[in-house]
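I opened a fresh notebook page for this one. Here is the structure I was looking at.

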Amino acid sequence: MASDFGDDSGEKMLNDFTRFAERMGEDAMRRRADEFRRACKNAKSATKGGRTAEAKPSEWAKLDMREFQGIEGYDELKPIIDKKLADNGADHTWFTDPSSGKEYLLFKVRDAHEVWASFDQLERESAVAEERAAENVKREIGREAEKRPGKGRDGRPLKDRAEDAVKASKRMERSDAGARPRSRMPHVRKDRTK
C-alpha cells in the first residue's frame with residue numbers, strides 16, 4: 001500500500017480513515033476527509049510564497065493549525081502530517097501557545113516550498129485514502145454478514161418471503177383455533193393484613 005502512495009504516510013492515512021469509518025461510519029469518515037482536504041488546501045495557500053531570497057536561513061514561519069484542530073480525531077492525523085513534512089525534508093516543530101491553547105506548525109522559511117508540497121500531497125492522498133477506506137469497510141461488512149447465518153437477507157425475492165410469512169401466519173391461526181379461549185376476567189387479589 002505504501003508504494004501506492006509513494007510513502008508511509010499515505011498508508012497511515014488509509015489505515016486511520018478505515019479505523020475511523022469502522023468506528024463512526026462511512027459518512028462521518030467522508031466528512032472528516034473533506035475537512036482534512038479543505039484544511040490542507042488552506043495550509044497550502046498560507047505557505048504559497050515559497051522560498052524568499054531575502055529570508056535568513058534561521059527565520060521561522062508559523063502556520064495556525066486551528067482548522068486542523070477542529071477535525072475530529074486530529075490527534076490521529078497529526079502524526080501523519082508530521083511524517084509527510086519529515087519525508088519532504090521540511091525542518092519543522094509543533095508549538096502550543098499556553099495562553100490561547102492554539103497550536104502552530106513552526107517551520108523554517110527556507111522550507112516553505114516543502115511544507116506547501118507536503119500539504120499538497122496530503123490533500124491528494126486523502127482523496128485516494130478516503131475511497132479505499134470506504135471500500136475496505138464495505139468489504140469487511142460483507143465478510144461479517146457472510147459469517148452470520150440466518151442474519152440479514154436470505155437471498156430470496158421479497159414477494160416469496162412475504163408469501164411464506166402469510167402461510168406461516170395462517171398455520172398459526174389454525175393451530176390456535178381449537179384452543180380454549182383465555183378468560184378476560186380480571187384477577188382479583190386478596191390483600192392480607194395482620
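My entries below go through some helices and a few charged residues.

I noted that this is a predicted model, where local features need pLDDT of at least 70, side-chain atom pairs count only at pLDDT 80 or more, and totals for chains, interfaces and linings use all residues. Residues are numbered from 1 along each chain as its sequence is written, and side-chain values use heavy atoms, leaving out hydrogens and water.

**Entry: helix α2.** I looked up α2 and found residues 8-24 (helices are DSSP runs of H or I, at least four residues, numbered from the N terminus). Its 17 residues reach 24 Å from first C-alpha to last, close to the 24 Å expected at 1.5 Å a residue (the expected span is 1.5 Å times one less than the number of residues). Among its buried residues are Met13, Leu14, Phe17 and Phe20 (buried means under 20% relative accessible area, exposed over 50%, partly exposed in between, with a 1.4 Å probe and protein chains only).

**Entry: onward to α3.** After α2 I met Gly25, with a positive phi near 105°. Helix α3 covers residues 26-46, and its 21 residues reach 30 Å, close to the 30 Å expected. Its buried residues include Ala28, Phe36 and Cys40, but also Arg32, Arg37 and Lys44.

**Entry: two arginines.** Is Arg174 buried or exposed? I found Arg174 in helix α7, residues 158-177, and it counts as exposed because its relative accessibility is 58%. Arg132 sits in helix α6, residues 112-147, and is partly exposed at 26%. The C-alpha atoms of Arg132 and Phe17 are 8.9 Å apart, though 115 residues separate them along the chain.

Key: Helix = DSSP H or I, 4+ residues; strand = E, 2+ residues; numbered from the N terminus.
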